[in-house]
Amino acid sequence: MCGITGYIGKRDATPILIEGLKKLEYRGYDSAGIALLDNGKMNVCKKKGRVDVLAEEISKKPFKANLGISHTRWATHGGVTDANAHPHVSSDGKFALVHNGIVENFESIKTFLTKKGYTFKSQTDSEALVNLIAYHYDFRTDESLENRFLEAVRKALIHVEGTYGIAVISKEKPDEIVAARKGSPLLIGIGKNERLVSSDVLGFAGRANNVIYLDDGQIASITIDNCDIISIGNKPIEYKVKEIDWELENADLAGAKHYMQKEIYEQPKAIENAIRGRISDDASTAILHGLNMTAQEMRQVDRIIFCACGTAWHACLVAEQLIEKYARIPVEVEYASEFRYRNTPIEKNTLVFVLSQSGETIDTLEALRESQRKGFKTLAITNAIASTISRESDGGLYQYAGKEVGVASTKAFTSQVVICLLIALHIGRMRDLSYTAGKEIVEAIKKLPNLVEETLQQAKHIEEIAKKYAFNEDFLFLGRLDEFPIALEGALKLKEISYIHAEAYPAGEMKHGPIALICPECPSVIFANAEDVLSKVVSNAQEIKARKGKIIAITSFPEAFEGLADDIIQLPKMHDCVRTIVATVPAQLLAYYIALERGCDVDKPRNLAKAVTVE
Ligand code: M6R
């Protein structure tokens, strides 16, 4: 989703800001822009399209500045046009602003300002905010000149309903950037004789080794060598400076063609990282200190709720099956976007988990807050270190999967499922799961990186299959038990990056309606790795065959699909508890190769954003 970068220092700001924007491209955007303060002049350049288009345009201009802000916009209010791109400049020309989030009451702000003589060039909510800042700057002449800019931003924000991560510069104060956040991440990077602002550590492009994470309701005044933070209620805030672990944030392609490809291949490593130090061979259990719960507290849990969005929601569905099976605790899975408004009844001994790769998804963050407001212990599984969700949760587990740049989540999903399996083992061993059963799971988990590695060897074969089906416009994905969630995940991957219509069902549900879709042009991808229901899945495949549907079977039991499936992707034999993780890999590769065959940009799929920070 939208990205912010800002720079104040001694160097030429333009290349630094452009490089920052390029690092944020993965988040998804449709236009880009930059504002620079050059000897009291506010220079702005903004273009719809890629950052390269902006860079090309700006290279024609003689801009030189040591201070500026820039933005990649993912359209919410108003179409994709140059005028709607950020930065937005106040109608008096004094302020420029970049904004992530949504100003929900922008219409009333605009009406108020229009009456006061302010004018608007765009259809955006953000332009209302920059003019509101200009209004407060002019209205309040009683502030000392020193903090008048900061005060104008603060006073404007008091009137804003909605969410924001903003960076603002002013002709009136050419040695300062003011940044603020509410519901949309904003970070301040500290370099030598320079400060950077970004909505994501990557936006610092390696130029800062230390970072300050703004919390909601905080406003920062940033100069070349200082940073003061106040609350929206005008109280000084003491803040912590954290070191950036650039190894975990590394986002180079490292020879891969696409981030998605790189990340699919990083899964064995991501799984190793997820389990490192978290397994006890002696006790046949998982050691999960991050949950911050004693065995006694854990034993009192009667029910677990999982909340997430998209791919992470699919991981929750797998978690439901794993925890119910091994820990025998009822689990419910909620879309985070629904949970926050649905007012789900939660009983006394309920534990809530939220899952989020980015740790910034606004729906998941609000689900976490809603659960905490109701007094429930709320734990988080996140990949992004120090993300808002991880900071606000009552405990949780990091995935340590390394930076995921591909918009289509891959390694984050499998590593989330691994973490959920560890949780199932951990709670299960406190309850009904025997030492022997626990040991089998421990051994299966330890073999996982190799199993995934082995499955990745099938890439060439999967690429060939992809070529056969790349131009079909409809797909069905089918699986039973915990393979239904991975059918959903397989369908989502295909939709996201190849724009093929794909639906997923529990295989047994097919005959209740979706079977009407079966025809030679609508292939079915069938996950068949659960031995206990294998014969049932084979029967479902027969029903498809009888209607001339094509079948791609992803199975550890290839013999069962001989003469039945048109294509078989053979998986190694494995313990039940890990099958979803291994079987997801071919589905990711299938989607990847189909998208390539169709000429799609797999790392920048249309309309999608990596971290969805608006509702
Ligand atoms: O960062 P999160 O895990 O909270 O993101 C949730 C979804 O937005 C995300 O999984 C989305 O569905 C991906 N594009 C899936 O590939």
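This report describes the ligand site and the internal cavities of the structure. The model is a predicted one.

**The ligand site**

The ligand occupies the largest pocket. Its surroundings consist of 13 residues, and the closest of these are Ser356, Gln357, Ser358, Thr361 and Glu496. By class, this shell comprises 7 polar, 4 nonpolar and 2 charged residues.

Two helices, α10 (310-326) and α17 (483-498), each contribute at least two residues to the shell. The largest share, 3 residues, is supplied by α10.

Polar contacts to the ligand involve both side-chain and backbone atoms of the protein. A polar atom in the side chain of threonine 361 lies 2.5 Å from a ligand oxygen. For glutamate 496, an N or O atom of the side chain is 2.5 Å from a nitrogen atom of the ligand. Threonine 311 takes part through its backbone, where a polar atom is 3.1 Å from an oxygen atom of the ligand. Taken alone, the ligand would expose 410 Å², and 91% of that area is buried by the protein.

**The cavities**

General context for the enclosed spaces is as follows: a probe the size of a water molecule, rolled over the atoms, reveals where empty space remains. In this structure, 2 cavities have a volume of 30 Å³ or more. The table sets out their volumes and linings.

| Cavity | Volume | Lining residues | Lining by class |
|---|---|---|---|
| Largest | about 370 Å³ | 29 residues | 13 nonpolar, 7 polar, 9 charged |
| Second largest | about 90 Å³ | 13 residues | 3 nonpolar, 8 polar, 2 charged |

Which residues lie nearest the centre of the largest cavity? They are Asp200, Glu249, Ser358, Ala384 and Lys403, within a lining of 29 residues. The elements giving two or more residues to this lining are α6 (246-249) and α13 (388-392). Ser358 is named both among the residues closest to the ligand and among those nearest the centre of the largest cavity.

In the second largest cavity, the residues nearest the centre are Thr76, His86, Gly101, Asp125 and Ser126. Its lining includes 8 polar residues, along with 3 nonpolar and 2 charged ones.

**Summary**

In the predicted model, the ligand fills the space of the largest pocket, with polar contacts that include those to the side chains of threonine 361 and glutamate 496. The largest cavity, of about 370 Å³, has Ser358 as one of the residues nearest its centre, and Ser358 is also one of the residues closest to the ligand.

Conventions. Residues are numbered from 1 along each chain as its sequence is written. This is a predicted model: local features need pLDDT of at least 70, side-chain atom pairs count only at pLDDT 80 or more; totals for chains, interfaces and linings use all residues. Side-chain values use heavy atoms; hydrogens and water are left out. A residue is near a molecule or strand if one of its heavy atoms lies within 4 Å of it. A polar contact is a pair of N or O atoms within 3.5 Å; within protein, one must be able to donate a hydrogen and the other to accept it, and residues adjacent in sequence count only if both atoms are side-chain atoms. Accessible areas come from the Shrake-Rupley method with a 1.4 Å probe; for residues, only the protein chains shown count as cover. On a 1 Å grid over the protein atoms alone, a cavity is a set of points where a 1.4 Å probe fits but cannot get out, and a pocket is an open set with protein on both sides within 12 Å along at least five of seven lines; lining residues have an atom within 4 Å of a point. A molecule sits in a cavity or pocket if more than half of its atoms lie within 2 Å of its grid points. Helices (H or I, at least four residues) and strands (E, at least two) are DSSP runs, numbered from the N terminus. Ala, Val, Leu, Ile, Met, Phe, Trp, Tyr, Cys and Pro count as nonpolar, Asp, Glu, Lys and Arg as charged, and the others, Gly among them, as polar. Grid points are joined across faces, edges and corners, and a volume is the space filled by probe spheres set on the points.
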